[in-house]
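Visitor: I'd like to learn how to read a structure like this one. Could you walk me through it, feature by feature?

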Amino acid sequence: MIYAYYPGCSLKGSAKRLDDGVRRVFNLLGITLNEIPDWNCCGLVEYGDAYRVRLLSKKNLEKALPVSTEVIAPCPLCAKNLKESNEDSRFSIFHPLDLLTPQDILSIPAKRDLKGHVFFPYYGCLLVRPKETAIKDREIMEKVILYYGGEVTGTEVKDRCCGGNRFFVDRELPEKLSRIILERSCGTIVVFCPLCHMVLKSFSGERKVVYFTDVILYVLGEKKKL
Amino acid sequence: MHQTEEEKIFEYTGYRRDDFSVCLGCRICASVCSLNDVGANVNPQDILLSVFLRKMVDDHPLIRLCTSCYKCTDSCPWGIRIPEVIRAIREISKKEEKFGKALRSSIELFGRVYEPYVVFRIMPYLLKNGYWKFFPRWTEYMSFHLPRLKGSK
């Protein structure tokens, strides 16, 4: 199976680790990811004109057409924008977590378990809201962690906002919002979004912030430490 | 003047005025709003009411602070996408912040958000407003990379 892969701007820079992780996980599952040639920005949430955002994302879908109509976008915001611009449902847009089932991940022979590790899977906003573009299984990461013997905390704050979107407008707002999240959870923070990663990394102190792919790769023996 | 601005809100969001007439005033949006978790004391319903009454609100704290977390949309009985209305007002009233301008200019230049360029553009702002204290944390995982020029592969 060949999928068109839309990495998004952050994954080429600050979230390079997520990009590598997604490619490696899909490689292990025997799924080929072909990067969309000459893709452009998805439009973020910076434009007030929803039409303009959809126009940018539609351009990406057109560029994906020669590769595949099945598109994978690991950044929650890119996935949301691409899903919304897919008005005529010509394409199928997936966040990696739309595509993977816990069974898929568990089907790869594991080399390690997570016993003794405490995790806080932090889904953030755009992965679980709005309903139309959300992922199907909101507990997928918990299932994987619990299966391998890890401990899960902070389920009541897993979909709270970290304020990342306004980080460079008001410095104190994300700090206060992240404090709530950090105080009501413990252990390694597992994030899905490059922006959540940046904000939580800024305020997490000694606590580790890792991407979900890091946890999967660690269990599969592809990564030496978390 | 205000008439055209209001029309723009509808044009940008794809909503019609009638879509806001269904708001029941239940304030569930206010009760779940992330900003109220940190004591901002805002009511997203104000925005819908103003738009419905053809008034332009550009001084509401939400216009500057809404984080687009979609909690309001998720709880709203009508699923009204308040963050998108707020983003439209933000654009129309030109309340765009330095960071937003830098992002847009990067998209125009490179077709993508090229992070080193964005950071360079807002560096004076970052230094002036105390963001420098995060630099050690960011450099733990961020690194420099070359831009892709528009149109190249």
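Guide: We'll go through the sheet in chain A, then a helix beside it, then chain B and the contact between the chains. Keep in mind throughout that this is a predicted model.

Visitor: Let's start with the sheet. What is the strand order in the open sheet of chain A, and is the pairing parallel or antiparallel?

Guide: The general idea is that strands of a sheet pair through backbone hydrogen bonds, either parallel or antiparallel. Here you have an open sheet of four strands in chain A, ordered β6-β5-β7-β8, and the pairing is parallel. The edges are β6 and β8 of chain A, each of which pairs on one side only.

Visitor: How many bridges join β5(A) to β7(A)?

Guide: Four bridges link β5(A), residues 118-122, with β7(A). To find your place on screen, look for F120(A), whose bridge partner in β7(A) is I189(A). Going toward one edge, three bridges join β7(A) to β8(A), again running parallel, and V191(A) stands opposite Y211(A) in β8(A). To get from β7(A) to β8(A), the chain passes through helix α9 of chain A, residues 194-203, and this β-α-β crossover is right-handed.

Visitor: And which strand does β5(A) meet through two bridges?

Guide: That's β6(A), residues 151-152, which runs parallel to β5(A). You can check the register with two pairs: V118(A) stands opposite E151(A), and F119(A) has V152(A) as its bridge partner. There's a right-handed β-α-β unit on this side as well, made of β5(A), α7(A) and β6(A).

Visitor: Now the side chains. Which residues of β7(A) point one way, and which the other way?

Guide: In a regular strand the side chains alternate between the two faces of the sheet. In β7(A), T188(A) and V190(A) point one way while I189(A) and V191(A) point the other way, and all of them are buried. The neighbouring strand β5(A) is mostly covered too, with four of its five residues buried.

Visitor: Next, the helix at residues 212-219 of chain A. Why would I call α10 largely enclosed?

Guide: Count its buried residues. In α10 of chain A, eight of the eight residues are buried, so this helix is largely enclosed by the rest of the structure. The list runs F212(A), T213(A), D214(A), V215(A), I216(A), L217(A), Y218(A) and V219(A).

Visitor: What covers the buried residues of α10(A)?

Guide: The cover includes helices α2 (16-28), α6 (102-107) and α7 (140-147) of chain A, along with strands β7 (188-191) and β8 (209-211) of chain A. Just after α10(A), also look at G221(A), which takes a positive phi of about 80°.

Visitor: Over to chain B. How many helices and how many strands does chain B have?

Guide: Chain B has eleven helices and zero strands. To judge its overall form, compare its radius of gyration with a rule for globules: chain B comes out at 19 Å, well over the 15 Å given for 153 residues, so it is more spread out than a compact globule. Its C-alpha atoms fill a box of roughly 50 × 35 × 30 Å along the principal axes, and 32% of its residues count as buried.

Visitor: Which domains does the assignment give for chain B?

Guide: Domain 1 covers 2-92 and domain 2 covers 98-139. Their C-alpha centres lie 28 Å apart.

Visitor: Last one: how many residues of chain B are in contact with chain A?

Guide: 42 residues of chain B are in contact with 35 residues of chain A. Several helices of chain B supply at least two residues each, among them α1 (2-13), α9 (98-110) and α10 (115-128). The one that gives the most is α8(B), with six residues. By character, the chain B side divides into 16 nonpolar, eleven polar and 15 charged residues.

Methods. Residues numbered from 1 in each chain as written. Chains lettered and ligands numbered in written order. Predicted model: local features only at pLDDT ≥ 70, side-chain atom pairs only at ≥ 80, totals over all residues. Rg over C-alpha atoms; globule rule 2.2 N^0.38 Å. Buried ≥ 20, exposed ≤ 12 C-beta atoms within 10 Å, placed from the backbone. Domains from an automatic or database assignment. Contact = placed C-beta atoms within 7 Å. Pairing = 2+ DSSP bridges. Right-handed = clockwise from strand over helix to strand, strands pointing away. Nonpolar A, V, L, I, M, F, W, Y, C, P; charged D, E, K, R; others polar.
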